[in-house]
Amino acid sequence: MIESIAPGGAYPLQEATSNRMESVRAVNIQVEHETHLHADQDSLPDYIASIEITGRPANDGFSARGALICFYPDGHPGISRPSYDEVRRVIKICYPISMFESQVEILTRHYDIECTYLESSALPHREAFLQGSRLIPEQMH
């Protein structure tokens, strides 16, 4: 079973030929929220929560090694389309804070976590999402 949750209508999946796809399988996941967010850094980011994933490419042909999912206050101008940094090999997704709990739920319910980025060749359309597979049995929660 694969589960992915994206904000309703925020990044609707469309049938289009992708000219770029990157996917990273999580090895280490760090979740930070507000007061604990980068407390060891001098300058705080403008997002209020994050999920940082380090890992390995999900399959042959991918090069992604990480993902940063940032959560901003609803309506914040920092919420933008996802991107892929080819130099750092990191997928970046920006969501409203109202999506935080549903994204963390994916992390707590699944063994295997992947973050995937898609870019359409037909339009300047980009999508990215967090997904989980292999549900963790209820007795392990």
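A residue is called buried here when its relative accessible area is under 20%, exposed when that area is over 50%, and partly exposed in between. With these words in hand, the following report describes selected side-chain features of a structure that is a predicted model.

## Aromatic pairs

A pair of aromatic rings is described by the distance of the centres and the angle of the planes. The count of such pairs in this model comes to four. In one of them, the ring centres of Tyr-47 and Tyr-72 lie 6.0 Å apart and the planes meet at 80 degrees, so this pair is edge-to-face. The two tyrosines come from distant parts of the chain, since Tyr-47 sits in the loop between strand S2 (18-33) and strand S3 (49-57), whereas Tyr-72 belongs to strand S4 (residues 66-72), with their positions 25 residues apart in the sequence. Tyr-47 and Tyr-72 are both buried.

Another aromatic pair is made by Phe-71 and Tyr-95, whose centres are 5.9 Å apart and whose planes are inclined at 40 degrees, and this pair is tilted. Here too distant parts of the chain are linked, with Phe-71 in strand S4 and Tyr-95 in strand S6 (residues 90-96), 24 residues apart. Phe-71 has a relative accessibility of 0% and therefore counts as buried, and Tyr-95, also at 0%, counts as buried as well. Ring pairs join Phe-71 and Tyr-95 with Phe-100 into a cluster.

## Salt bridges

The model holds six salt bridges by count. Three of them are set out below, each with the distance between the closest N and O atoms.

| Acidic residue | Basic residue | Closest N and O atoms |
|---|---|---|
| Glu-86 | Arg-20 | 3.5 Å |
| Glu-114 | Arg-25 | 2.5 Å |
| Asp-112 | Arg-134 | 3.3 Å |

How many residues apart in sequence are the parts that Glu-86 and Arg-20 tie together? Glu-86 lies in the loop between strand S5 (83-85) and S6, while Arg-20 lies in strand S2, so this salt bridge ties together parts that are 66 residues apart in sequence. Glu-86 has a relative accessibility of 54% and therefore counts as exposed, whereas Arg-20, with a relative accessible area of 22%, is partly exposed. Arg-20 and Glu-86 also belong, together with Glu-22, to one network in which salt bridges share partners.

The salt bridge of Glu-114 with Arg-25 likewise links distant parts of the chain, for Glu-114 is in strand S7 (residues 110-120) and Arg-25 is in strand S2, 89 residues apart. Glu-114 is buried, its relative accessible area being 15%, while Arg-25 is partly exposed at 24%.

In the salt bridge of Asp-112 with Arg-134, Asp-112 lies in strand S7 and Arg-134 in strand S8 (residues 126-135), so the pair ties together parts that are 22 residues apart in sequence. Asp-112 counts as partly exposed, with a relative accessibility of 25%. Arg-134 has an aromatic partner in addition to this acidic one, for Arg-134 lies over the face of Tyr-111, at 4.9 Å from the ring centre.

## The surroundings of Ser-23

Strand S2 also contains Ser-23, and at 2% relative accessibility this serine counts as buried. The side chain of Ser-23 makes a polar contact of 3.3 Å with the side chain of Glu-114, and Glu-114 is also the residue that forms a salt bridge with Arg-25. A polar atom of the Ser-23 side chain lies 3.4 Å from the backbone oxygen of Cys-115. When neighbours within four places in sequence are left aside, the residues in contact with Ser-23 include Arg-56, Pro-57, Phe-62, Ile-91 and Thr-116, as well as Glu-114 and Cys-115.

## Cysteines

A disulfide is a covalent bond between the sulfur atoms of two cysteines. The number of disulfides in this model comes to zero. Why does Cys-70 form no such bond with Cys-94? The cysteine sulfur closest to that of Cys-70 is the one in Cys-94, and at 5.0 Å it is too far for a bond, because a disulfide requires the two sulfur atoms to be within 2.5 Å. Cys-70 counts as buried, at 0% relative accessibility, and Cys-115, whose backbone oxygen lies 3.4 Å from a polar side-chain atom of Ser-23, is likewise counted as buried at 0%.

Note on methods
Residues are numbered from 1 along each chain as its sequence is written. This is a predicted model: local features need pLDDT of at least 70, side-chain atom pairs count only at pLDDT 80 or more; totals for chains, interfaces and linings use all residues. Side-chain values use heavy atoms; hydrogens and water are left out. Rings of Phe, Tyr and Trp (its six-membered ring) pair if their centres lie within 6.5 Å; planes under 30 degrees apart count as stacked, over 60 as edge-to-face and the rest as tilted. Helices (H or I, at least four residues) and strands (E, at least two) are DSSP runs, numbered from the N terminus. Buried means under 20% relative accessible area, exposed over 50%, partly exposed in between (1.4 Å probe, protein chains only). A charge sits over a ring if NZ of Lys or CZ of Arg is within 6 Å of the ring centre and within 35 degrees of the ring normal. A salt bridge is a side-chain nitrogen of Lys or Arg within 4 Å of a carboxyl oxygen of Asp or Glu. A polar contact is a pair of N or O atoms within 3.5 Å; within protein, one must be able to donate a hydrogen and the other to accept it, and residues adjacent in sequence count only if both atoms are side-chain atoms. Contact means heavy atoms within 4.5 Å.
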